[in-house]
Amino acid sequence: MTIATKQYEALTDETAIALARSLYPFPEGAELVCREIGDGNLNYVFQIKDPKSGKGLIIKQALPYAKVVGESWPLTLKRAAIEANALQKHGEFAPGLVPVVYATDEELAITVMEDLSHLTIAREGLIQGEAYPKLSEDIGEYLARTLFHTSDFALHPFEKKRLAAEYSNPELCKITEDLIFTDPFFNNDTNDYEPELQGAVEAIWNNAPLKLEAAKLKFSFLTEAEALLHGDLHTGSIFASESETKVIDPEFAFYGPIGFDVGLFLANLMVQSITRQGEERQIVLSHIEKTWDVFSARFTQLWEQEGIEAFKETAGYKEFVLEKIFRDTLGFAGCELIRRTIGLAHVKDLDGIENAGLRIRLKKQTLQIGEALILKRAEVKSIGAVAGLLEELQ
Ligand code: ADP
Ligand code: MG
Ligand code: MG
Ligand code: MG
């Protein structure tokens with residue numbers, strides 16, 4: 001359903017409640033409570049709830065600027081429609097793995113969706129030591145389904161190009177291009193790191209082969225319209241519990257290289273594995289392996305069952321494609337590891353470590369793995385070998 005549009009205005013608790021009431025069959029006379037619960041950098045997230053019946057919903061609204069920086073950083077409101085449409089498109093192919101969208105309004109830049117507050121943001125839970133037994137299976141499945149079904153391997157080329165145009169998202173892509181692929185590799189003002197990392201950071205800036213590979217990865221990101229990506233699939237974009245997994249926040253969605261989504265998720269698991277020891281590390285390493293294993297097995301199955309005939313009938317082509325995705329995945333994961341350590345946007349997994357000596361040591365390990373993945377992505381034979389690299393870290 002689409003709400004009768006009016007001019008954009010930022011919602012308040014009161015207007016959010018009125019809107020929720022008009023959209024959802026709350027019990028007669030229910031006294032609704034509203035809280036702004038957004039902890040992201042860019043948007044407002046209102047939770048509207050009837051405390052008596054426990055019923056509620058979420059209204060996410062984009063602001064015409066980035067919340068984290070303020071009005072000095074304007075950002076297109078179109079991202080709200082991209083997010084709402086991507087949630088629904090990905091929901092078609094991976095039902096149950098994204099929130100249900102109840103309503104959208106492009107003018108108000110809102111998505112009205114299922115309240116997932118009974119789940120925890122995976123990053124937070126992982127930091128607390130949650131094992132999330134279904135996480136890798138569900139995300140492997142989500143990645144295979146959403147990426148395969150929106151690619152040229154499944155779609156008529158007209159439909160694929162129509163979607164690629166619909167999801168043109170230049171402003172949000174530019175943020176990724178700068179913050180992941182460019183700034184961390186140069187002495188740029190947006191970078192943010194502790195003085196103890198100065199030597200490691202300068203080693204990156206002076207590493208010509210590394211910068212060359214990062215530039216190649218950036219060009220892939222800029223040009224390879226392989227599938228409708230989520231575009232920001234870190235562990236903060238995933239709600240999880242023992243039994244459920246839901247992917248939120250696809251405002252960076254666009255047609256890009258398949259390995260970018262896979263790599264971003266794996267990199268965020270890698271950071272988590274670096275912060276853990278022993279048995280706990282093993283749990284995360286098996287999530288890393290299982291994500292790739294489930295993704296590639298499911299992608300293969302979809303290819304064989306539902307793929308475009310001409311591709312299916314070309315011997316060796318599926319293997320070629322999966323090998324390319326694997327290589328890209330490692331390279332993009334490497335860039336994510338580096339930028340989460342020294343770039344603008346950090347992760348709590350590392351920054352939350354109070355012991356400064358330990359924190360710096362683990363950040364250096366994160367940079368080391370990031371560099372290795374970027375430089376050696378063509379040589380690494382299997383996901384098991386990646387887990388092996390992480391397992392060895394002391
Ligand atoms: P941003 O784009 O600003 O990062 P997110 O979509 O990641 O916004 O949402 C920010 C936070 O709001 C999430 O970390 C979560 O705590 C809360 N949130 C978002 N969507 C939902 C939802 N459907 N149900 C419950 N909480 C949500
Ligand atoms: Mg939260
Ligand atoms: Mg977010
Ligand atoms: Mg977001």
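These are my notebook entries on a predicted model of a protein with a ligand.

**Entry 1: the two domains**

I started with the overall layout. The domain assignment splits the protein into domain 1 (13–114) and domain 2 (120–392). I looked up how far apart their centres are, taken over C-alpha atoms, and found 26 Å. Next I checked where the two touch: 15 residues of domain 1 are in contact with 19 residues of domain 2. On the domain 1 side of this contact I noted nine nonpolar, three polar and three charged residues.

**Entry 2: the ligand**

Which residues come nearest to ligand 1? I found G40, N43, V45, L116 and D249, out of 21 residues around ligand 1. Sorted by class, this shell holds nine nonpolar, six polar and six charged residues. I also asked which strands take part. β2 (43–49), β3 (56–62) and β7 (110–114) each supply at least two residues of the shell. Both domain 1 (13–114) and domain 2 (120–392) give residues to the shell, so ligand 1 lies between them.

**Entry 3: following β2**

Since β2 is one of the strands that supply the shell around ligand 1, I gave β2 an entry of its own. Is β2 mostly covered or hardly covered? Mostly covered, I found: five of its seven residues are buried.

Then I looked up the partners of β2. Strand β1 (residues 33–36) runs antiparallel to β2, and four bridges join them. The chain gets from β1 to β2 by a hairpin through six residues. With β3, I found that β2 again pairs in an antiparallel way, this time over seven bridges. β2 and β3 also form a hairpin, with six residues between them. In that turn I noted G54, which has a positive phi of about 80°.

F46 makes a good landmark for reading this region. F46 in β2 is the bridge partner of E36, and F46 also has I59 in β3 as a bridge partner.

**Entry 4: the nonpolar core**

I remembered a general point here: in soluble globular proteins, nonpolar side chains tend to be buried together. So I went looking for the largest nonpolar core and found that this core has 99 residues. The residues with the most contacts inside it are A16, I48, I59, M270 and I288. Which helix gives the most to this core? Helix α9 (residues 258–274) does, with eleven residues. The core draws at least three residues from each of domain 1 (13–114) and domain 2 (120–392).

I picked M270 for a closer look. Leaving out residues up to four places away in sequence, M270 touches I288, A333, L337, I369 and L390. I288 is also on the list of residues with the most contacts inside the core.

**Entry 5: a three-stranded sheet**

Next I traced an open sheet of three strands, in the order β8-β10-β11, with antiparallel pairing. β8 (120–121) and β11 (245–247) stand at the edges with a single partner strand each, so one side of each has no neighbour in the sheet. Strand β10 (residues 238–240) pairs with β11 over three bridges, and there I saw F239 opposite K246.

**Entry 6: β5**

Last, I checked strand β5 (residues 70–74). How many of its five residues are buried? The count is zero, so I wrote β5 down as hardly covered. Strand β4 (residues 65–66) pairs with β5 in the antiparallel sense over two bridges. In this pair, A66 stands opposite G70.

Note on methods. Residues are numbered from 1 along each chain as its sequence is written. Chains are lettered from A and ligands numbered from 1 in the order in which they are written. This is a predicted model: local features need pLDDT of at least 70, side-chain atom pairs count only at pLDDT 80 or more; totals for chains, interfaces and linings use all residues. A nonpolar core is a set of buried Ala, Val, Leu, Ile, Met, Phe, Trp, Tyr and Cys residues joined through C-beta atoms within 7 Å. A residue is buried if 20 or more other C-beta atoms lie within 10 Å of its own, exposed if 12 or fewer, and partly exposed in between; C-beta atoms are placed from the backbone. Domain bounds come from an automatic or database domain assignment. Two residues are in contact if their C-beta atoms, placed from the backbone, lie within 7 Å. A residue is near a molecule or strand if its C-beta atom, placed from the backbone, lies within 6 Å of it. Ala, Val, Leu, Ile, Met, Phe, Trp, Tyr, Cys and Pro count as nonpolar, Asp, Glu, Lys and Arg as charged, and the others, Gly among them, as polar. Two strands pair if DSSP finds at least two bridges between them.
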